[in-house]
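User: Please take a close look at the part of this structure where the two chains meet. I would like one connected account, beginning with how far the model can be relied upon.

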Amino acid sequence: MTEQSKSNRKKGKVKWSKLYTFSCLKPNFDDQQLLGQPGFSRVVFCNKPELHKAKPYKYPNNYISTTKYNVVSFLPKALFEQFRRVANLYFLLAAILSATSLAPFTPTSMIAPLVFVVGLSMIKEAVEDWSRFLQDMKVNSRKVKVHAGNGIFVERAWRTLLVGDVVKVTKDEYFPSDLLLLSSSYEDGVCYVETMNLDGETNLKVKRCLEATLNLDEDSGLRTFSATIRCEDPNTNLYTFVGNLEFEKDSSPLSPDQVLLRDSKLRNTDYIYGVVIFSGPDTKVVRNSTRSPSKRSRIERKMDHVIYVLFSILVLISLVTSIGSAIFTDHDMVNAWYLRLKVEESTDPSFDPKDKESKDPSFDPTEPLVSCFYQFVRALILYGYLIPISLYVSIEIVKVLQAMLINKDLQMYDKLSCKSVEARTSNLNEELGQVEIILSDKTGTLTCNQMEFRKCSIEGLSYGGDTTEIDLAASRRMNIEIERYRFSLDGSDSTSRSLEMFEISAENSSTDKVTLANDQGMENFGAGNLGYSVSGKEANIKGFNFRDSRLLRKLWIHRSEISNMMMFFRVMALCHTGIPIEDSQTGKLKYEAESPEEVCFLIAAQEFGFQFCRRTQSKLIIKEPNPSGVEVEREYKLLNLLEFNSSRKRMSVIVRDEDGHIFLFCKGADNIIFDRLADGGRTYQQATTMHLSNYAEDGLRTMLFAYKQIDVTEYENWNLQFMKAKATIGFEREELIEAASEIIEKNLYLLGAVAVDDKLQDGVPECIDKLAQAGMKIWLLTGDKKETAVNIGFACSLLRHDMQQIRISLSKEAESTNQVKAMKEDILQQIESSYQLTIKEENREHPFAMVIDGKALQIALANDMRQKFLRLAVSCAAVICCRVSPKQKALITRSVKEYTGKTTLAIGDGANDVGMIQEADIGIGISGMEGMQAVMASDFSLPQFRFLERLLIVHGHWCYKRISKMILYFVYKNVAFGLTLFYYEIYTSFSGQVLYDDWYLVMFNVLLTSLPVIALGVLEQDVSADTCLQFPALYQQGQRNMYFSWKRIIGWITNGIFASLAIFMLNIYILSPTAFLKDGNVADSAHIGAIMYTCVIWTVNCQIALIVTNFTWIQHFFIWGSILSWYILIFLYGVLPPKYSYRQFQLFVEAIAPAPIYWTATLLIVVVALLPYFIHIVIQRSFYPMDDHVIQEMIYCMTDVTDSPAWLREQENSKKKTHIGFSARVDAKILHLKEQLHRKKTLIFKSFVNSPIYRTMTNSPLS
Amino acid sequence: MASEERSSLSAGVESHRAPVRSGWKKAVHQFKQQNLPACKPVLTPAWVITTYFLIGVLFIPIGFISLRASMGVVEIVDRYDTECVPNSYKSDKVAYVKDMSVSKNCTRYLKVKKRMKAPIYVYYELDNYYQNHRRYVKSRNEQQLLHGLRYNSTSSCRPLELNKGLPIVPCGLVAWSLFNDSYSFSRGAEKLNVNRKNIAWQSDRDHKFGKKVHPFNFQNGTLIGGGKLDSRIPLSDQEDLIVWMRTAALPSFRKLYGRIEEDLDEDDVVIVNLLNNYNTYSFGGKKKIVLSTSSWLGGRNNFLGMTYILVGASSMFIALVFLLLHVKSSRLPAM
């Protein structure tokens, strides 16, 4: 390699170090040269934290903060947040102006509502931030043992830690910051770490300390410890680390193997010592977290636009008013002597100089432009009633109440954890009704992070049940269909159909039989999925869900040929890295291992009679039954352990039994094992393969077991080679070991397969099914490896077998070259070809699923390729991204959000999901398990994934409709009311006079129309919760935003304009200019104002009564109460002495109430004002009904009770055709069965036709 | 499907879990679970047709009754502002009305077309007169009207707050521009009495205009607006002023002048002697005198009745249309 190319490669490396690549796991010696250069300048003086208190090595302490505000920044920042809302800004301006003489109203009537609105929202913000602060405090004041000098360790709070501190972390504690591992309680300096909070992976990871620091494994040993670390600067890469340690004049390179990250947990290790290298905000996990943004829902953002529209109307009519006023003043009013606009100074000798002051600037004919301006400002304030100020506060109140009702929903209460749904921010309730893409984490969200042993296949025989859940559901459904056929065909004679029916039932009886045989498993299935535990029936062993009497209770012992079976169980009990731990309470053995699968194998082995008892450095001791069934303890000497890793995908142990035979036990992925079988070892391959695919379709994780017996001499030869490889130092060591392993791990003899279930949480498949039917797409983002992710994809029906899977990953060649360009081209080519496949005509109806891994994703999400990738991804029915880092999760979420423009929902449970939870439009945290980071960052927290169904389909749907209806109604009522003010201006020469009393105006939004709309926002239900769940298609109204489209918004504005016109014009023509009472009195402005106002109140309140579809007594109370309260108000106002009531004094009692025309006019005007809306809904319901209308009518007519077939048919029709989810799979299965049936039938028919009897029959003269 | 079972099942569980509680507690529980008993009206065609039909049935009679009441009212309107200007002043009416030396007397003859039963209300009607102008409306002081000189923060009355340094009672533009045409009526030689008491609202006289407040320094400035007031009579008895101070909502308005408490027969000729004092000429306003009887609905205004009939009739029509449409095509089962 030339110097040139070498440097080129290095450049590439630097870039790629940002990526999530496992090639970086190996210490890279080239990178050492980077130290001291920009980006790699950090110096840490171990055990000398005091050096880091001052510059130039001053680094932040370990305090972290996730709050949005602090004491100082709260006021300005929160105020800024509030006044980002245009309407609030407008009202602030109006309030300031109202202090001047320009205002048509009193200042308090302008300022008070604003203070109320803004204050309420700010208090809410403060409370939310306070709870975040408390949470931070809890974390910051966790305790850790810190070296205080002289080998003494004292407990200190996390926040006081400094870089350079030496800490001691004990078992099951979290690391307080990023540490460099010095030594552990194990002799060889390893420790086990669980990184669930970082990447969601549940298996334990091994970290190793440097040889140099291996001996620092006692408190006292650290007394004199002193070293210097030079390493990279803080960054976000979880899987890379570049640095070296200068200790005792030796310099040794550091790798990610020595770095313990904050928020990961020490497991299976008594204690470790570590040096703080990154603290607080510098730690990788904090760097990986993004600030929680303040989210606003789609509707609210659109509402801003609606408000802009109203603003435009406002400015327009204000302009009309001001120009009109100027023209009028100039031309007409100047002659109206009774206004005394002209001051005739010169002609009037006794002119009072005070008169000059009394010149009104807003009506100054000499300066039309100035008065025009003044009038404009006044008009802006006056018509402020067009802008619904109380809208924000009402929405805020409604949302808090909605959130409260969501929290109180008993059907989303988890009895096990005693937790219920918690809406942590109430901003996004209605957004729940518009979700189109769900991005879900796997571990802890879909699965409970529990492995269960479910099935196994030994010597080509499957145990633990044959039928899959899909088969069962399909046969059940088909049975129902047959019943229906029978019913409908009752009496009619159709041979072919009855033949078909017979066939189907025959087909089913076979499955039924299995069902019966498998009764217990079935029950369990039902229990697991229906969410009701059948606890108490049989004490369940955690991690073991296997029911097959053939294997349990050692019954298999009595079989004739059991040696292979015993081997199978031996593999299970011996081939692992686990350790048994005696439970101090029960005395039973528990197991701990690198992966939960191994634990689950050990438990299963124990159940089958092969109990793994002890492990020493070189021995494995198990209890196993001898052929007569008596349990004996046997000792196996562990000769070699060939470790599992992601490229080998297998693990082997070589053991010598008590008789001196040497065995190799191997377990691994199917293709790996199949490749390494001896010719004689393939006896059961075919049967096993079939079982494997069955298991896989059920979403079970499978593994093959194989073994071989090795000659002593062969072993000795190989061992020499292997030892040599192990002793090699340098980067070819791994390769040598691998090559050596390859030699021995072949010519295996296949024993069988096991299937474990990564246990799904309760109700997950059903929930996903419903969500899919409601039109949502589900993406699975997981840090786990591809196989696991795909298994879960099957288990929760995101994938099915007839789906075409698009797998995108870096090819080996591209990866090995590590060339950016090559990798890019590789991925691009894969994406392009897959996309071509999906858009092919014949594939239109064919479902696709995409599986992509983290490395490929990193490239695919680069700027130039993102569009193409997302185009492909969106066309797939299901997308599974595996091996993704937290940052990538967030990146995917953002890309999807931006590219599709659709509402995204991210759901996860660990700290690794925080990024995507914050990035998505709605973030949901699962609160069931440990770790609160996800919940803290989320907008809603759920105790169980399955509650998502109800949260979205019921509450989301309701809230969406409620808020949309509410906003539209608000717009309507303010337009209807505000415009009457404008029309009146036309009659007052645009002088700014108001027809209504100030108090009426204030009361309009505050008292007389506010409560019904709040009741609407809280209690409105278009259909009941059960119906929502039965018709998931209703949810699509939210996705398509049908209730808050511009068409509807404009419609409602138009309705408001019509109502205002009707109210104003009719009143004017009815009441003027003739007398309105029998005694000849005419109506003055106060009378007309009050009468018109009455009409407004009636109209807007009756309008809301037309909107409401779910009248409880609360709505009745509020709506009719509001109208009544107007009469009470006007009566009481009139009773007050004239000093307070002015022109409203005794208005109602004396003038209006006795006038029959008042009451008749009210009736007429209200009916006329509502008529267009009424006609509109009648026409819509009769001729263009929406889904909810049809369902409402069906419920109203009791169709669901009286005509259940029609009801069911409607239900069936309403489901969105989807490719994912349980029902979709059942449908596919049924289709498949029917096809088979059809083929069989045609076969029978053909044979029948070809049969001689048929020929004779057709040839008979009778026909 | 499984989830259906679940929903029905869970509903069962729900009712099981929440035993029948009584009264308030139950209501609170139902509220929290959002299943308060509710009526869910759905606009089925039957409802719609019935509603429209009912509107029709209700509105058409109301319309006819209102129309009949309105038709029964006899109204005589006479515009006199142009007629009552001597020919010599026709070209410059403003000069005429401003000229104090010219007699403002004028006589109008009104023919009664239909028998008018007492009481006959006499109104003056002004047109293009912006009593609702913001500057005008504000220029008054309620406290002063009630308390007189005892109350002296009358800045709202500008530009007619003070005259020669002394407060004006009643202050403000509204009072200053008091209408001052006056009418007297006779039938042939017989004088018709006009009762000018009780033309203002009772509440105004009793509570808004002071019984001991007398006009002071009123119309003493160089610019004389409208009518003058007799400073011996307290404001509470100045009913003309009280009526005038009730500002009208629209630029065209009527105000009550008085009542003739005698019946007028058909073909009677009412002679009106009026003083054409008030200046509407400078801004092009109209002046009319109106004699009108009243019904239970007030004055003559057919608009209300007509609208009722129109709305009722169109409702009936819509009901019919929907009925036909419904019979022709029925989308829904069991309407």
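Analyst:
**Confidence and the interface between chains A and B**

Residues 1-29 of chain A keep a pLDDT under 50 throughout, pLDDT being the predictor's confidence in each residue, from 0 to 100. For this stretch the model has 30 contacts beyond four places in sequence, a contact meaning heavy atoms within 4.5 Å. Residues 345-355 of chain A likewise stay under 50, with 10 contacts beyond four places in sequence. Over chain A as a whole the pLDDT averages 80, and 84% of the residues score at least 70.

This is a predicted model, in which local features need pLDDT of at least 70 and side-chain atom pairs count only at pLDDT 80 or more, while totals for chains, interfaces and linings use all residues. Residues are numbered from 1 along each chain as its sequence is written, chains are lettered from A and ligands numbered from 1 in the order in which they are written, and side-chain values use heavy atoms, with hydrogens and water left out.

At the interface, 113 residues of chain A are in contact with 100 residues of chain B. Together the two chains bury about 9900 Å², of which 62% lies on carbon and sulfur atoms; buried area is the accessible area (1.4 Å probe) that two parts lose on being put together, summed over both.

Between chain B and chain A the count is 1 salt bridge, defined as a side-chain nitrogen of Lys or Arg within 4 Å of a carboxyl oxygen of Asp or Glu. In a salt bridge, the side chain of R246(B) meets that of D1084(A) at 3.1 Å, N to O. Polar contacts between the chains number 29 residue pairs, both residues at pLDDT 80 or more. Such a contact is a pair of N or O atoms within 3.5 Å; within protein, one must be able to donate a hydrogen and the other to accept it, and residues adjacent in sequence count only if both atoms are side-chain atoms.

On the side of chain B that touches chain A, helix α1 (residues 2-17) of chain B gives the most, with 11 residues. Helices (H or I, at least four residues) and strands (E, at least two) are DSSP runs, numbered from the N terminus. By class, that side of chain B has 54 nonpolar, 29 polar and 17 charged residues. Here Ala, Val, Leu, Ile, Met, Phe, Trp, Tyr, Cys and Pro count as nonpolar, Asp, Glu, Lys and Arg as charged, and the others, Gly among them, as polar.
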